[in-house]
Amino acid sequence: MRKPILAGNWKMNKTRDEAIHFVLDVDHKLPKDGVEAVVCAPAIILRDLVKRSDVLKVGAQNMNEHEKGAYTGEISPVMIKDTKVEYVILGHSERRQYYAETDERINAKVKTAIEFELKPIICVGETLEERESNKTNDVLKTQITKIFEGVTFENPDNIVVAYEPIWAIGTGKSATSAQAEDACKFIRGILTDIYSKEVSDKIRILYGGSVNTKNIQDIMAQPDIDGGLVGGASLIENDFIELCKACLK
Ligand code: PGA
């Protein structure tokens, strides 16, 4: 049985005070079992949130692939690990779009995350143009194959993939639950080919893109979808709690 995850991606939102307020308000209202509730917050406040959360888990939104060195402005895996977070989002489409992250770079980051015992939430997904020209599966196959090239791990429970169609992110236009299921199932199939059915059955695959309290039930009812990666709606305390509860299968 794969344990569902509801991961909030706060992006570049919330000051330290706002974030602490959120954690103190939400932490004791979350289900204690049956779902992993995670907030992926700006790196500068990760430690503050880890210290104040009990049920709620914390994640980073990015990480450099090198252990240390002359990379001005970057944050190393050692630094992320030092904050005691469990998760790190890698390859979000905003990183690909605005900071030129490639599948090759994301591949290096995934290897580094595993080496430093951080659990990666690896994002993939197609553009609207790619979907409309029926290229979704080709795009997903290329992304997954490149990102997992040479990646080995002991425990598939610690690997998370998020299917996030770019056209659904922040647009209010979510994929239908059938579209999301098709893509997540397809991704699981590629992971079966790369690893094995035993491994791919354990990797959690999330859907992300305009998830909210109204569409989460339909999304969670799909057999290959193990939770959500949520931007906008994860910023609101009550919505976040409701989303986490809806993930209890
Ligand atoms: P959204 O963002 O829920 O606001 O669409 C999702 C994401 O970018 O992970």
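The following legends describe close-up views of a predicted model.

**View 1. The whole protein, with 11 helices and eight strands.** The C-alpha trace of the protein spans about 45 × 45 × 35 Å along its principal axes. For 249 residues, a compact globule would be expected to have a radius of gyration near 18 Å, and the protein, with 17 Å, therefore agrees with that expectation.

**View 2. The closed barrel of eight strands.** The strands follow one another in the order β1-β2-β3-β4-β5-β6-β7-β8, and their pairing is parallel. On average, neighbouring strands of this sheet are turned by 25° against each other, with direction ignored.

**View 3. The pairing of strand β1 with strand β2.** Strand β1, which covers residues 5-9, and strand β2, which covers residues 36-40, are joined in the parallel sense over five bridges. Within this pair of strands, Gly-8 stands opposite Val-39 in β2.

**View 4. Helices α5 and α8 against the strands.** Helix α5, made up of residues 103-115, lies across β4 (87-90) and β5 (119-124), and runs at about 170° to β4. Helix α8, made up of residues 177-194, packs on the sheet and touches β5, β6 (160-163) and β7 (204-208). The direction of helix α8 makes about 140° with that of β6. Strand β5 thus appears in the surroundings of both helices, since α5 lies across β5 and α8 touches β5.

**View 5. The largest cavity and the residues that line it.** The structure holds one cavity of 30 Å³ or more, and about 50 Å³ of space lies in the largest cavity. Its lining is formed by Gly-91, Ser-93, Arg-96, Cys-123, Val-124, Gly-125, Gln-143, Glu-164, Ile-166 and Ile-169. The elements that give two or more residues to this lining are α4 (93-99) and β5. Sorted by class, the lining of the largest cavity has four nonpolar, four polar and two charged residues.

**View 6. The largest pocket and the residues around its centre.** About 650 Å³ of space lies in the largest pocket. Of the 22 residues that line this pocket, Met-12, Gln-61, Asn-62, Arg-95 and Tyr-99 are the closest to its centre. Helix α4 provides the largest share of the pocket lining, with four residues, and α4 is also among the elements that give two or more residues to the lining of the largest cavity. By class, the lining of the largest pocket divides into 12 nonpolar, six polar and four charged residues.

How values were computed. Residues are numbered from 1 along each chain as its sequence is written. This is a predicted model: local features need pLDDT of at least 70, side-chain atom pairs count only at pLDDT 80 or more; totals for chains, interfaces and linings use all residues. Side-chain values use heavy atoms; hydrogens and water are left out. Two strands pair if DSSP finds at least two bridges between them. Axes are lines fitted to C-alpha atoms, for helices over the stretch in contact, and angles run from 0 to 180 degrees between N-to-C directions. Contact means heavy atoms within 4.5 Å. On a 1 Å grid over the protein atoms alone, a cavity is a set of points where a 1.4 Å probe fits but cannot get out, and a pocket is an open set with protein on both sides within 12 Å along at least five of seven lines; lining residues have an atom within 4 Å of a point. Grid points are joined across faces, edges and corners, and a volume is the space filled by probe spheres set on the points. Ala, Val, Leu, Ile, Met, Phe, Trp, Tyr, Cys and Pro count as nonpolar, Asp, Glu, Lys and Arg as charged, and the others, Gly among them, as polar. The radius of gyration is taken over C-alpha atoms; the globule rule is 2.2 Å times the number of residues to the power 0.38.
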